[in-house]
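I opened this notebook page to record what I looked up, one element after another. The entries follow the order in which I went through them.

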Amino acid sequence: MSSQINKELWNLWSELWNGNLSIADEIIAPNFVAHFAPAGTSPAEVRGPEGMKQWIGGAFAAFTDASFTTTVGPLVDEDLVAGRWVFRATYQGGMPGASPTAVGKHVEYAGMDLFRVEAGKIVEYWLCSDLLHLFQQVGMIPS
């Protein structure tokens with residue numbers, strides 16, 4: 001795959017994270033696996049396009065006006081694509097352990113994504129995000 005094609009895949013990946021869940025079937029391979037540190041009720045792995053759609057949909061359920069913005073990248077090295085992003089949204093409630101007073105609060109946190117591409121689709125994904133900062137903003141953890 002060319003560097004330019006993999007950069008375009010990052011743009012489609014961003015669309016997915018900005019709520020266009022239907023694009024998952026187009027860009028995520030059937031044997032896809034996502035790896036991340038489990039937090040709360042979130043799993044340590046998600047598999048396939050359907051798993052990713054469910055996971056993103058569940059994560060977005062607690063927020064309105066959610067948006068992911070790329071701040072660095074995409075950086076491409078052969079079959080690997082990486083970038084840094086910022087998530088901004090309004091918390092609407094529903095996260096276990098969050099403070100009821102956080103409802104309606106604007107939240108923001110950052111992270112980095114790294115994914116591996118095979119035959120034009122994402123087959124593996126690693127997430128590193130500052131969930132501690134998000135959890136502090138919604139009152140799950142003292143600041």
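In which helix does Gly 51 lie? I found Gly 51 in helix α3, and I note at the outset that the model I am reading is a predicted one.

Entry on Gly 51. I asked next whether Gly 51 counts as buried or exposed. The relative accessibility of Gly 51 comes to 19%, and because buried means under 20%, Gly 51 counts as buried. I also looked up a pair that is distant in sequence: Gly 51 and Glu 124 are 73 residues apart along the chain, and their C-alpha atoms are separated by 13 Å.

Entry on helix α3. I checked the length of α3 against expectation: at 1.5 Å a residue its 13 residues should span 18 Å, and the end C-alpha atoms are indeed 18 Å apart, which agrees. I then listed the buried residues of α3, which are Gly 48, Pro 49, Gly 51, Met 52, Lys 53, Trp 55, Ile 56 and Phe 60. Against which elements do these buried residues pack? I noted α1, α2 (24-27), β1 (28-35), β2 (45-47), β3 (63-77) and β6 as their partners.

Entry on α1 and α3. I looked at how helix α1 (residues 3-17) meets helix α3 (residues 48-60), and found that they pack at an angle of about 50 degrees with their axes 10 Å apart. That angle makes α1 oblique to α3. On the α1 side I recorded Trp 13, Leu 16 and Trp 17, which meet Met 52, Trp 55, Ile 56 and Phe 60 in α3. When I sorted the residues of this contact by character, I had seven nonpolar, no polar and no charged.

Entry on the sheet. In what order do the six strands run across the open sheet? I read the order as β2-β1-β6-β5-β4-β3, with mixed pairing. The edge strands are β2 and β3, each of which pairs on one side only, and the twist from one strand to the next averages 20 degrees. For the parallel part I noted that β1 and β6 are joined by four bridges, with Ile 28 standing opposite Ile 122 in β6. Helix α3 packs on this sheet, where it touches β1, β2, β3 and β6, and its direction makes about 50 degrees with that of β1.

Entry on the antiparallel strands. I followed strand β4 (residues 80-91) along strand β5 (residues 106-118) and found them antiparallel, joined by eleven bridges, with Arg 88 opposite Glu 108 in β5. Moving on, I saw β5 pair with strand β6 (residues 121-129) in the antiparallel sense over eight bridges. Two of the facing pairs I wrote down are Phe 115, whose bridge partner in β6 is Tyr 125, and Met 112, which stands opposite Cys 128 in β6.

Last entry, on the turn. How many residues lie between β5 and β6 in their hairpin? I recorded two residues there, and I noted that Ala 119 in the turn has a positive phi of about 55 degrees.

Methods: Residues are numbered from 1 along each chain as its sequence is written. This is a predicted model: local features need pLDDT of at least 70, side-chain atom pairs count only at pLDDT 80 or more; totals for chains, interfaces and linings use all residues. Side-chain values use heavy atoms; hydrogens and water are left out. Axes are lines fitted to C-alpha atoms, for helices over the stretch in contact, and angles run from 0 to 180 degrees between N-to-C directions. Angles under 35 degrees count as roughly parallel, over 145 as roughly antiparallel, 65 to 115 as roughly perpendicular and the rest as oblique. Contact means heavy atoms within 4.5 Å. Ala, Val, Leu, Ile, Met, Phe, Trp, Tyr, Cys and Pro count as nonpolar, Asp, Glu, Lys and Arg as charged, and the others, Gly among them, as polar. Two strands pair if DSSP finds at least two bridges between them. The expected span of a helix is 1.5 Å times one less than its number of residues. Buried means under 20% relative accessible area, exposed over 50%, partly exposed in between (1.4 Å probe, protein chains only).
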